[in-house]
Amino acid sequence: MAIPHLTDEQIRTWTRDQKDRWWLDNVFRGSMAQLTLRSALTGFLLGGALSATNLYVGAKTGWTLGVGITSVILAFAVFRIMARVGARDMTILENNCSQSIATAAGYMTGPLISGMAAYMWVENVVMPWWQMLGFNIVLSLLGVLVAFPMKRRFINDEQQPFPEGRACGVVLDTLYSSAANVGVFKARALAISAGAAGLITFISGASYMRAIAGFFTWLGSGKPWSQHLADNKQAILETWHLPHDVGFFYDWLASLGAEPKLAGVPIRQIGLIPTLELAMIGAGGLMGIRAAVSMIIGMVINFVILVPLMVHYGEIKPPPNGGAWSPAYVLNNWALWWGITIMIVASMIAMFAKPQVFVDAFRMLTGKGNKAENRHDVLKDIELPLWISWIGIPILGAAGVFLAWYWFEVPIIYGATAIPLIILLTLIAASSTGLTGITPTGSLSKIPQFTYGALNPKHPPTNLMTAVMCVEVASNASNLLMDIKPGYMLGAKPRQQAIGHCIGVVAGALASTPLFYALFMSDYNAADAAASAAASAEAGVADTYIQNVMAPAGGQFTFPSALQWKGVSDLMATLFGGGTGTLLTTSMIISMVIAGVAGVVLEVTRIRTKNKFPISPIAIGLGVVIPPLYTLAMFAGALFFWIMNNIYKSKPDSKGNLLWIQTQEPICAGLIAGAALVGIGDVLVRVFLLSGLG
């Protein structure tokens with residue numbers, strides 16, 4: 001069944017009152033079940049799982065993935081299975097409600113892998129779990145309250161597309177219409193790809209294989225588990241598992257004295273090695289070939305050309321104490337700055353190239369965007385009452401300012417001035433999300449970081465935590481508008497969607513917060529922290545113990561987004577805080593200038609050609625800050641689906657078109673979900689079952 005919608009002329013010429021009346025008469029499904037116990041519970045559980053995958057992928061790539069369509073298909077599949085054993089099938093609005101809750105939960109991980117991680121690195125402290133949980137929930141609920149008044153403008157009146165939200169609505173309609181067999185096929189494809197990715201990740205998980213080997217030798221031994229691990233440590237550590245990459249091939253070349261090197265550095269030590277990282281292959285399939293090619297360009301320029309040159313000329317010193325090279329080492333000691341510069345410059349050019357966004361934001365703030373304030377509101381009994389937002393925003397805003405001061409010592413004046421900045425940045429972010437589906441959180445975060453970093457340069461938490469406040473609310477509100485869109489398309493009750501979003505916020509926080517500490521802080525040791533602090537103080541250098549624990553050299557988690565946040569914070573402290581200026585060497589400054597000019601030229605070219613220019617400077621920067629083995633995996637995924645698209649796009653009725661083009665997104669989502677969830681399990685097994693191995 002086709003989803004009813006207004007024509008372009010009606011959108012342009014009708015008043016919002018006319019549009020609301022049309023929606024109430026033609027779309028609204030007032031009697032259909034929506035927020036039920038089972039839809040809430042399904043969304044709660046799915047949201048927790050999907051927030052875990054976002055945390056895992058975000059710590060590797062710096063991205064958080066949209067989980068809307070994935071949750072739609074998963075909820076549909078779950079209830080189809082339950083229907084076979086007698087359960088009543090879920091209605092389309094119940095599925096949409098589950099998707100709303102899961103989506104809200106999935107986006108809760110953003111601050112954890114960016115601003116909050118950067119705060120822990122800069123201050124070299126472990127943020128207590130209740131601070132992370134509480135601050136994240138307060139800001140996310142504030143985002144919900146900000147989103148619903150904006151819904152009336154962006155969705156009800158302007159009928160903005162919100163592309164991913166529209167896609168969710170179309171998928172839901174397909175699942176529950178005569179074409180439901182297509183939806184079932186996509187659900188099966190997602191499940192099969194997730195199962196295959198999970199299986200491969202399982203047998204390549206060293207901890208899984210070691211735990212299994214240890215368990216079978218432990219049975220009947222009569223020893224405590226911990227004693228058995230200690231007595232058989234070497235044998236258990238040598239247990240076979242499917243290799244993650246082709247490192248064995250490099251070992252063979254090294255035994256022959258032929259290991260490939262660049263400027264004397266083995267290329268596998270800086271990550272130039274193919275890897276079996278299926279979550280990244282799936283992410284590449286969702287990303288597309290254009291962005292993947294730009295990332296490869298950035299990777300080659302940095303790791304194949306510039307890094308060897310800088311090592312040769314001594315601009316990048318060898319690791320101290322004979323340590324091994326790693327992508328994180330060369331990034332932190334030289335390459336980070338030009339990678340950040342090209343992304344910041346390009347992001348700012350892209351944002352300020354659309355001045356109408358700022359005009360619209362100002363008009364909405366001043367109330368001049370609505371000429372009919374006194375008209376009768378036909379949806380007043382359906383929409384979330386505006387008074388809830390008008391009362392709740394100041395209360396939650398004040399709570400956020402207080403917590404920033406009480407927990408992170410952000411001066412009250414700076415926290416308070418961040419509140420109106422939050423509203424402005426949310427309007428800008430929502431305008432971008434509504435048109436393109438892209439929420440520019442990366443570029444928006446630089447605005448409060450630059451502003452408060454200049455105002456209070458000697459206290460990095462000020463710029464970091466005010467930026468967390470601004471970006472978390474702006475991104476959460478914008479992404480929730482994307483999530484509200486399918487509900488509007490299908491006739492859902494806005495008030496119940498708002499309640500669902502609040503449930504999702506709690507689900508995401510409860511799932512992601514403990515998982516954050518289990519995944520990234522399991523190696524923290526208070527004695528080691530004290531020793532590191534003493535050694536750093538004696539050497540007169542900043543202590544990086546927490547950063548090394550969370551993102552160790554050669555580790556699987558690199559936190560590219562947190563690196564950017566910390567880099568900007570360090571830069572502001574250097575420029576305005578009376579630092580020594582030794583942070584930036586001459587070669588770094590030259591690389592930043594060249595990167596800045598390149599960012600301007602490439603982004604202006606992209607804008608003037610209306611996005612026909614194939615190179616993205618932002619993606620080039622990502623290719624610099626993301627470990628090259630992940631870039632290679634993402635490129636492989638993008639390249640595969642690009643090839644399939646070119647083979648089958650001219651055959652719309654073929655099975656290949658259905659599988660590789662129409663079902664591309666579910667397959668990629670399955671790869672990500674299967675590999676990420678099983679990969680998380682491997683880390684947890686190491687932490688909780690194999691801790692005795694050291």
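**Core, aromatic pairs and local features of the predicted model**

In the largest nonpolar core, which has 161 residues, the members that touch the most others are M120, F135, M465, F516, M550 and F559. The model is a predicted one. Leaving out residues up to four places away in sequence, M465 is in contact with M116, Y119, M127, F135, F408 and V410. A second core, separate from this one, has 15 residues, among them L175, M489, A492 and A669. In soluble globular proteins, nonpolar side chains tend to be buried together.

The protein chain contains 30 helices and two strands. It has 694 residues, of which 54% count as buried. Among contacts in the chain with a separation of 6 or more, 82% are between residues 24 or more positions apart.

A pair of aromatic rings is described by the distance of the centres and the angle of the planes. The model has 26 aromatic pairs. One of these joins W407 and F408: the ring centres are 6.3 Å apart and the planes stand at 75°, so the pair is edge-to-face, since an angle over 60 degrees is classed in that way. F408 has a relative accessible area of 2% and is therefore buried; F408 is also among the residues touched by M465. F516 and Y517 form another edge-to-face pair, with 5.3 Å from centre to centre and 80° between the planes. Both partners fall under the 20% cut-off for burial: F516 is buried at 0% relative accessibility, and Y517 is buried at 16%. F516 and Y517 belong to one aromatic cluster together with Y56, W121, F520, F557 and F559. Two members of this cluster, F516 and F559, are also listed among the residues with the most contacts to other members of the largest core.

Helix α23 covers residues 526-539 and has 14 residues. At 1.5 Å a residue its expected span is 20 Å, and its end C-alpha atoms are 20 Å apart, so the two values agree. The buried residues of α23 include A529, S532 and S536. These residues cover an arc of only 65° around the axis and therefore lie on the same side of α23. The face turned away from the buried side carries the exposed residues A527, A537 and E538. Among the elements covering the buried residues of α23 is α24 (545-550). At the N-terminal end, α23 is capped by N525, with a side-chain oxygen 2.9 Å from the backbone nitrogen of A527. Just after α23, G540 has a positive phi of about 70°.

Most residues other than glycine have a negative phi. Two residues that are not glycine have a positive value here: A263, with phi near 55°, and E409, with phi near 60°. A263 lies in the loop between β1 (261-262) and β2 (265-266). With a relative accessible area of 42%, A263 is partly exposed. E409 is placed in the loop between α18 (386-408) and α19 (412-436). At 58% relative accessibility, E409 is exposed.

Polar contacts involve two further buried residues, S294 and E259. S294 is part of helix α15 (residues 289-312) and is buried, with 0% relative accessibility. Its side chain reaches the backbone nitrogen of S616 at 2.9 Å. Apart from neighbours within four places in sequence, the residues in contact with S294 are P614, I615, S616, A619 and I620. E259 is located in the loop between α13 (247-255) and β1. The relative accessible area of E259 is 17%, so this residue counts as buried. The side chains of E259 and R268 are joined by a polar contact of 3.0 Å. When residues up to four places away in sequence are not counted, E259 touches Y250, L253, A254, P266 and R268.

Methods: Residues are numbered from 1 along each chain as its sequence is written. Side-chain values use heavy atoms; hydrogens and water are left out. Rings of Phe, Tyr and Trp (its six-membered ring) pair if their centres lie within 6.5 Å; planes under 30 degrees apart count as stacked, over 60 as edge-to-face and the rest as tilted. Buried means under 20% relative accessible area, exposed over 50%, partly exposed in between (1.4 Å probe, protein chains only). A nonpolar core is a set of buried Ala, Val, Leu, Ile, Met, Phe, Trp, Tyr and Cys residues joined through side-chain atoms within 4.5 Å. Contact means heavy atoms within 4.5 Å. Helices (H or I, at least four residues) and strands (E, at least two) are DSSP runs, numbered from the N terminus. The expected span of a helix is 1.5 Å times one less than its number of residues. The arc is that of the directions from the helix axis to the C-beta atoms. A polar contact is a pair of N or O atoms within 3.5 Å; within protein, one must be able to donate a hydrogen and the other to accept it, and residues adjacent in sequence count only if both atoms are side-chain atoms.
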